[in-house]
Amino acid sequence: GNIRIYYTLQRINAYVFNNPEAVVGNIAKVTEHIRKKIIEEKGDDRRSVLSLIKTKQGEYIFRDKRGDYWRAYRFIDNADALDVVNTAEQMEEVGRGFGRFQRLLTDYDATQLYTTIPNFHNSTKRFYRFVKALDEDRANRAGEIEDEIEFIFDHRKMMGEIVKLLDDGVIPYRVTHNDTKANNVLLDGETGKALCVIDLDTVMPGSVLFDYGDAIR
């Protein structure tokens, strides 16, 4: 018949992600694990998880003659990614989407994943970079934010707590999304219910607390 299958084709930003193959490898590992769980739970794996499409050579990534990297997903139709959340119910569904993502990956060994952006949520290192930027004050703006600077210095010990707990083995490494904003959860166009989490480029080992805190922010 005349059944059309649509795809989402994306070019990977090789400037931000200097190892595109590893990024897509992470996505493949995570989505395959989630797919198995959804099938076990008798769910719809066509809409509840992203589906990477292989090239004719059997790869999940393609490099063109210009050196650009590409990947493709099966398109999920009748779904919304909300840049602006209008209701508490929508925000709740976004939370459900990320919560389900975490639940389905609880038993996945996060150390198997490549760290796409090193120290992305390392608050201790971020603080020292902030101090360096403050000292250099290249844009001559530090004098305008004295209250904010004081607040950051007053809370500097607390900022590094999650990183310290991870390093000490007190809390476990989990698969984390690291960009838990509302438009990274697809909501069903008819029911408004969370379908799946998208934009998996920053999936890597971390703490669930990173994702929770980032979502609150």
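In this predicted model, an open sheet brings together 3 strands in the order β4-β6-β7, and the pairing is antiparallel. Its edges are β4 (79-80) and β7 (194-197), each of which pairs on one side only. Looking at the β4 side of the sheet, β4 and strand β6 (residues 185-188) run antiparallel and are joined by 2 bridges. If you would like a landmark there, look for alanine 79, which stands opposite aspartate 188 in β6.

Two loops lead towards these strands, and each holds an asparagine worth a look. Asparagine 78 sits in the loop between β3 and β4, and its phi is near 50°, a positive value in a residue other than glycine. Asparagine 178 belongs to the loop between β5 (174-176) and β6; here too phi is positive, at about 75°, although the residue is not a glycine. Are these two asparagines buried or exposed? Asparagine 78 is partly exposed, with a relative accessible area of 40%. Asparagine 178, with a relative accessible area of 3%, is buried.

**Strands β1, β2 and β3**

Strand β3 (residues 69-74) is joined to strand β1 (residues 7-12) by 6 bridges, and the two run antiparallel. Within this pair, arginine 11 has tryptophan 70 of β3 as its bridge partner. Strand β2 (residues 62-63) also pairs with β3 in the antiparallel sense, over 2 bridges. One of the partnerships to look for links arginine 63 with tyrosine 69 in β3. What lies between β2 and β3? The two strands form a hairpin with 5 residues between them, and glycine 67 in the turn has a positive phi of about 95°.

Here are the residues with positive phi, side by side:

| Residue | Place | Phi |
|---|---|---|
| Lysine 42 | just after α1 | about 60° |
| Glycine 67 | turn of the β2 and β3 hairpin | about 95° |
| Asparagine 78 | loop between β3 and β4 | near 50° |
| Aspartate 137 | just after α3 | about 45° |
| Asparagine 178 | loop between β5 and β6 | about 75° |

**Helices α1 and α2**

Now to the helices. Two packed helices are described by the angle between their axes and the distance between the axes. Helix α1 (residues 20-40) packs against helix α2 (residues 88-104) at an angle of about 90°, and their axes are 9 Å apart. That angle makes α1 roughly perpendicular to α2. On the α1 side, the contact is made by Val30, His33, Ile34, Lys37 and Ile38, while α2 contributes Arg100, Phe101 and Leu104. Sorted by character, the residues of this contact divide into 5 nonpolar, 1 polar and 2 charged. An α-helix has 3.6 residues a turn, so residues three or four places apart point the same way.

How does the length of α1 compare with what its residue count predicts? At 1.5 Å a residue, its 21 residues should span 30 Å, and the end C-alpha atoms are indeed 30 Å apart, so the two values agree. Just after α1 comes lysine 42, whose phi is positive at about 60°.

Helix α2 also holds glutamine 102. This residue is buried, with a relative accessible area of 14%. Setting aside residues up to four places away in sequence, glutamine 102 touches Val175, Thr176, Val208 and Asp211.

**Helices α3 and α4**

Helix α3 (residues 123-136) has 14 residues and reaches 20 Å from its first C-alpha to its last, close to the 20 Å expected at 1.5 Å a residue. Just after α3, aspartate 137 takes a positive phi of about 45°.

Isoleucine 149 is part of helix α4 (residues 146-154). With 12% relative accessibility, isoleucine 149 counts as buried, because the cut-off for that is under 20%. Which residues does isoleucine 149 contact, leaving aside its neighbours within four places in sequence? They are Phe130, Leu134 and Ala142. By contrast, 30 Å separates the C-alpha atoms of isoleucine 149 and proline 205, which lie 56 residues apart along the chain.

**The whole chain**

Stepping back, the chain has 7 helices and 8 strands. Its C-alpha trace spans about 65 × 45 × 35 Å along the principal axes. Of its 217 residues, 35% count as buried. Among contacts in the chain with a separation of 6 or more, 72% are between residues 24 or more positions apart.

Notes:
Residues are numbered from 1 along each chain as its sequence is written. This is a predicted model: local features need pLDDT of at least 70, side-chain atom pairs count only at pLDDT 80 or more; totals for chains, interfaces and linings use all residues. Side-chain values use heavy atoms; hydrogens and water are left out. Axes are lines fitted to C-alpha atoms, for helices over the stretch in contact, and angles run from 0 to 180 degrees between N-to-C directions. Helices (H or I, at least four residues) and strands (E, at least two) are DSSP runs, numbered from the N terminus. Angles under 35 degrees count as roughly parallel, over 145 as roughly antiparallel, 65 to 115 as roughly perpendicular and the rest as oblique. Contact means heavy atoms within 4.5 Å. Ala, Val, Leu, Ile, Met, Phe, Trp, Tyr, Cys and Pro count as nonpolar, Asp, Glu, Lys and Arg as charged, and the others, Gly among them, as polar. Two strands pair if DSSP finds at least two bridges between them. The expected span of a helix is 1.5 Å times one less than its number of residues. Buried means under 20% relative accessible area, exposed over 50%, partly exposed in between (1.4 Å probe, protein chains only).
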